[in-house]
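Here are some short exercises on charged side chains that pair up. Have a go at each task before you read its solution.

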Amino acid sequence: MLWTVLLALLVLLLLQTQLSVCLRDLRSGASVSPLHSPPPSSSSTSSASSSSSSYNATQQRLPGAVIIGVRKGGTRALLEMLNLHPDVEVAKAEVHYFNVEEHFRRGLAWYRAQMPFTLPGQLTVEKTPGYFAAPQVPVRVWDMNPAVRLLLIVRDPAERLVSDYTQVLHNRLTQHKPYQPLDELLLHEGHINHGYKALQRSLYHLHLARWLEVFPREQIHVVDGDALIRDPFPELRKAERFLDLPPRINPSNFYFNTTKGFYCLLSAGHDKCLDESKGRPHAPLSAQALKKLCRYFRKPNKRFFEMVGRSFSWC
């Protein structure tokens with residue numbers, strides 16, 4: 001019996017010794033491992049992941065280029081055509097940040113939130129044609145980014161006026177509201193009505209003068225809206241150069257839609273045409289009123305030509 005107890009004690013002693021050795025080895029291996037570096041802390045892992053994602057992930061950025069006008073000058077067509085470029089992302093809707101006080105009071109964080117997500121190196125483009133004729137806008141745009149590039153697309157001011165009226169007329173009729181004929185709005189006692197807002201929007205030289213008080217001329221690119229409709233590619237190539245974009249838009253990106261009567265876009269096998277409001281038949285204007293309108297625009301047009309250093313085939 002005694003030998004049995006002594007043998008049991010000896011076995012327990014041996015087991016205790018072996019256990020102590022194992023625990024010492026485990027502690028030594030946990031403190032210093034010759035084969036594996038210690039795992040990174042959660043904070044360092046998070047920091048590295050954040051750094052990597054910030055470089056590769058998309059972000060909403062303030063625009064590097066803005067299409068400022070003119071209303072009914074072809075701004076939507078220009079925006080959609082620029083969006084063919086792989087280095088361009090556009091704001092899908094008109095933001096009206098700089099010309100609507102309610103929006104402007106929300107600040108640049110709100111404005112940035114209206115922009116598309118872009119990769120580093122891509123150009124964000126926004127268009128709001130109401131910017132061009134709003135007196136407060138040039139300084140506000142400059143404060144946002146003095147280096148921003150501005151695109152101004154213009155067309156025959158008489159045709160622009162008629163198109164402007166046609167859009168308002170269409171909206172009024174859709175709402176079942178009456179609206180005066182264009183001749184009555186444009187002429188007062190046989191003379192041009194200087195107070196007609198659509199007329200004032202076509203006085204390009206007055207509005208451009210305000211922009212040139214803030215921005216240098218080389219920062220404003222003028223697009224020929226009439227030429228853009230007739231043959232888009234040459235105007236788009238000029239816009240690419242102005243925006244310092246590599247030439248990626250090609251003549252094959254455009255095809256003439258005989259049904260609609262204007263060019264549509266083609267990219268990666270998909271075509272896109274502007275909505276039905278584009279190319280809408282103009283409201284009637286008498287030959288007498290049109291003649292007076294063209295005569296009225298002669299001097300303003302000449303001043304505008306001098307300001308931009310080129311002329312256009314307008315009435």
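Before we start, one cut-off will help: a residue is called buried under 20% relative accessible area, exposed over 50%, and partly exposed in between. Please keep in mind that this is a predicted model.

**Exercise 1.** Classify glutamate 159 and its salt-bridge partner, arginine 155, as buried, partly exposed or exposed.

*Solution.* Start with the pair: the side chains of glutamate 159 and arginine 155 form a salt bridge, at 3.7 Å from N to O. Next, take the glutamate: glutamate 159 has 39% relative accessibility, so it is partly exposed. Then turn to the arginine: arginine 155 has a relative accessible area of 15%, so it is buried.

**Exercise 2.** Do the same for glutamate 102 and arginine 106, which also meet in a salt bridge.

*Solution.* First, the distance from N to O is 3.3 Å for glutamate 102 and arginine 106. Glutamate 102, at 46% relative accessibility, is partly exposed. Arginine 106, at 42%, is partly exposed as well.

**Exercise 3.** Work out where glutamate 240 and arginine 237 lie, and whether each is buried or partly exposed.

*Solution.* Both residues belong to helix α12 (residues 232-242), three residues apart, which is about one turn of the helix. Their salt bridge has its closest N and O atoms 2.8 Å apart. Glutamate 240 is buried, with 1% relative accessibility, while arginine 237 is partly exposed at 21%.

**Exercise 4.** Which residues are linked in a network of salt bridges?

*Solution.* The network links Arg71, Arg160, Asp164 and Arg201. For the whole model, the count comes to 12 salt bridges.

Terms used:
Residues are numbered from 1 along each chain as its sequence is written. This is a predicted model: local features need pLDDT of at least 70, side-chain atom pairs count only at pLDDT 80 or more; totals for chains, interfaces and linings use all residues. Side-chain values use heavy atoms; hydrogens and water are left out. A salt bridge is a side-chain nitrogen of Lys or Arg within 4 Å of a carboxyl oxygen of Asp or Glu. Buried means under 20% relative accessible area, exposed over 50%, partly exposed in between (1.4 Å probe, protein chains only). Helices (H or I, at least four residues) and strands (E, at least two) are DSSP runs, numbered from the N terminus.
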